[in-house]
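Me: I would like a close look at a single part of this model, followed outward to whatever packs around it. Please take it residue by residue and keep the reasoning explicit.

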Amino acid sequence: MYNSSNIIDYVIEAWEKLQQQTPLVQCITNSVAANYAANVLLAAGASPAMIDNPFEAEAFTKISGALSINLGTPTTEQMQAIRISAKTAHENRIPWVLDPVGYGAVLKWRSDTVDELLQYHPSVIRGNASEISALAGSLSQSKGVDSTLKSDDMFQLAQGLLSKASCIAISGETDYILSTAMTCIVKIRGGSHLQPKITATGCALGALIAAYCAVAPIHLATIAAHVHFAIAGKLAYDQAQTVGSFNTMFMDYIHMMDANLIEQYACIELISDD
């Protein structure tokens with residue numbers, strides 16, 4: 001039985017394993033996010049590799065601890081690599097995270113690819129409320145790749161996606177995590193309103209989820225990554241209220257995370273899924 005206290009213990013355990021194992025994470029991500037996501041993974045204790053071409057995708061996925069796929073700025077070759085790596089991860093039981101950036105009727109090519117990728121059962125589908133809502137079949141409209149819905153308003157809608165993935169993670173002012181391994185929904189508070197002002201924070205979160213998935217059970221890994229981000233965002237904002245300074249402090253706290261900070265600042269609530 002899970003409760004808020006023992007969930008925090010599991011998060012600390014996952015963080016400790018991340019430091020000990022330094023998992024190799026293959027990231028197929030967008031051109032805007034690649035550098036930032038790689039730096040977040042390095043700061044957190046993982047080892048990123050941005051292998052996103054179809055000629056190396058299969059071989060590299062096989063040796064990776066986890067795979068992160070982000071559909072932010074797909075090219076033709078990258079799309080080929082995405083299909084190959086998702087299939088390889090599925091066949092080799094390597095955890096992988098799908099971030100369906102921009103999913104919806106407007107960007108049909110990438111959205112059709114996301115639909116195709118679901119056959120390879122991603123470990124985690126991660127996105128903002130609009131992306132998750134669109135993927136779940138809602139009639140909501142997305143404005144570009146930014147969220148136009150609050151995560152609070154639609155987490156129930158995501159229940160249907162659990163037939164496609166082991167875990168659904170909805171990011172926003174409050175994060176919600178749904179999982180086939182838990183009978184409750186996990187609500188995580190923290191972070192800062194400045195995080196969306198920094199390019200690629202959501203993309204980097206997807207990569208961090210993948211890193212944790214390499215060392216911990218999928219649902220606990222997803223919770224741990226969100227807690228890690230939320231605490232770093234909160235503590236960074238306590239010291240820096242402008243975007244540039246905040247970004248520096250945020251990366252510092254991603255790196256300085258430890259068991260004491262998790263114990264002190266993790267804000268986790270378990271709520272009924274009724």
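Leaving aside its neighbours within four places in sequence, which residues is Thr-88 in contact with?

Reply: The model is a predicted one, and what follows should be read in that light. Once neighbours within four places in sequence are set aside, Thr-88 is in contact with Glu-58, Thr-61 and Lys-62. Thr-88 itself lies in helix α4, which covers residues 76–91, and with a relative accessible area of 4% it is buried, since the cut-off for that class is under 20%. Its side chain also reaches back along the chain, coming to the backbone oxygen of Ile-84 at a distance of 2.7 Å.

Of these partners, Thr-61 deserves its own description. Thr-61 is placed in helix α3, residues 57–63, and it counts as buried because its relative accessibility is 0%. The side chain of Thr-61 makes a polar contact, at 2.8 Å, with the side chain of Ser-85. With neighbours within four places in sequence again left aside, the contacts of Thr-61 are Gln-26, Leu-67, Ser-85, Thr-88, Ala-89 and Ile-94.

Gln-26 leads on to another part of the model, for strand β1 spans 24–28 and is one of the elements against which the buried residues of α2 pack. The others are α1 (4–21), β2 (47–49), α8, α9 and α10. On the side of α2, the buried residues are Tyr-36, Ala-37, Ala-38, Val-40, Leu-41, Ala-43 and Ala-44.

Ala-44 shows in detail how these elements come together. This residue belongs to helix α2 and is buried, with a relative accessible area of 2%. Not counting residues up to four places away in sequence, Ala-44 touches Leu-18, Gln-19, Leu-208, His-228 and Ile-254. The C-alpha atoms of Ala-44 and Leu-18 are 8.0 Å apart in space, although the two residues are separated by 26 residues in sequence. Just after α2, Gly-45 takes a positive phi of about 115°.

The packing of α2 on α10 can be described more fully. Helix α2 (residues 34–44) and helix α10 (residues 243–256) pack with their axes 7 Å apart and at an angle of about 40°. That angle makes α2 oblique to α10, because it lies outside the ranges that count as roughly parallel, roughly perpendicular or roughly antiparallel. From α2 the contact draws on Tyr-36, Asn-39, Val-40, Ala-43 and Ala-44, and these meet Asn-247, Phe-250, Met-251, Ile-254 and His-255 of α10. By class, the residues of this contact divide into seven nonpolar, three polar and no charged.

Leu-208 and His-228, both touched by Ala-44, also take part in the contact between α8 and α9. Helix α8 (residues 201–213) and helix α9 (residues 218–239) pack at an angle of about 140°, their axes being 8 Å apart. The two helices are therefore oblique to each other, and α8 passes α9 in a right-handed crossing. On α8 the contact is made by Thr-201, Ala-204, Leu-205, Leu-208, Ile-209, Tyr-212 and Cys-213, while α9 supplies Ile-218, Ala-221, Thr-222, Ala-224, Ala-225, His-226, His-228 and Phe-229. These residues comprise eleven nonpolar, four polar and no charged.

Helix α9 also holds Lys-234, which is partly exposed, with a relative accessible area of 32%. Not counting residues up to four places away in sequence, Lys-234 touches Gly-191 and Tyr-265. Its C-alpha atom is separated by 20 Å from that of Ser-5, a residue 229 residues apart from it along the chain.

Two loop residues complete the picture through their backbone angles. Most residues other than glycine have a negative phi. Ala-200, which is not a glycine, nevertheless has a positive phi of about 80°; it is found in the loop between β8 (184–189) and α8 and is buried, with a relative accessible area of 11%. Thr-22 likewise has a positive phi, of about 45°, without being a glycine. The place of Thr-22 is in the loop between α1 and β1, and Thr-22 is partly exposed, at a relative accessible area of 39%.

Terms used. Residues are numbered from 1 along each chain as its sequence is written. This is a predicted model: local features need pLDDT of at least 70, side-chain atom pairs count only at pLDDT 80 or more; totals for chains, interfaces and linings use all residues. Side-chain values use heavy atoms; hydrogens and water are left out. Axes are lines fitted to C-alpha atoms, for helices over the stretch in contact, and angles run from 0 to 180 degrees between N-to-C directions. Helices (H or I, at least four residues) and strands (E, at least two) are DSSP runs, numbered from the N terminus. Angles under 35 degrees count as roughly parallel, over 145 as roughly antiparallel, 65 to 115 as roughly perpendicular and the rest as oblique. A crossing is left-handed if the near helix is turned anticlockwise from the far one by less than a right angle, and right-handed if clockwise. Contact means heavy atoms within 4.5 Å. Ala, Val, Leu, Ile, Met, Phe, Trp, Tyr, Cys and Pro count as nonpolar, Asp, Glu, Lys and Arg as charged, and the others, Gly among them, as polar. Buried means under 20% relative accessible area, exposed over 50%, partly exposed in between (1.4 Å probe, protein chains only). A polar contact is a pair of N or O atoms within 3.5 Å; within protein, one must be able to donate a hydrogen and the other to accept it, and residues adjacent in sequence count only if both atoms are side-chain atoms.
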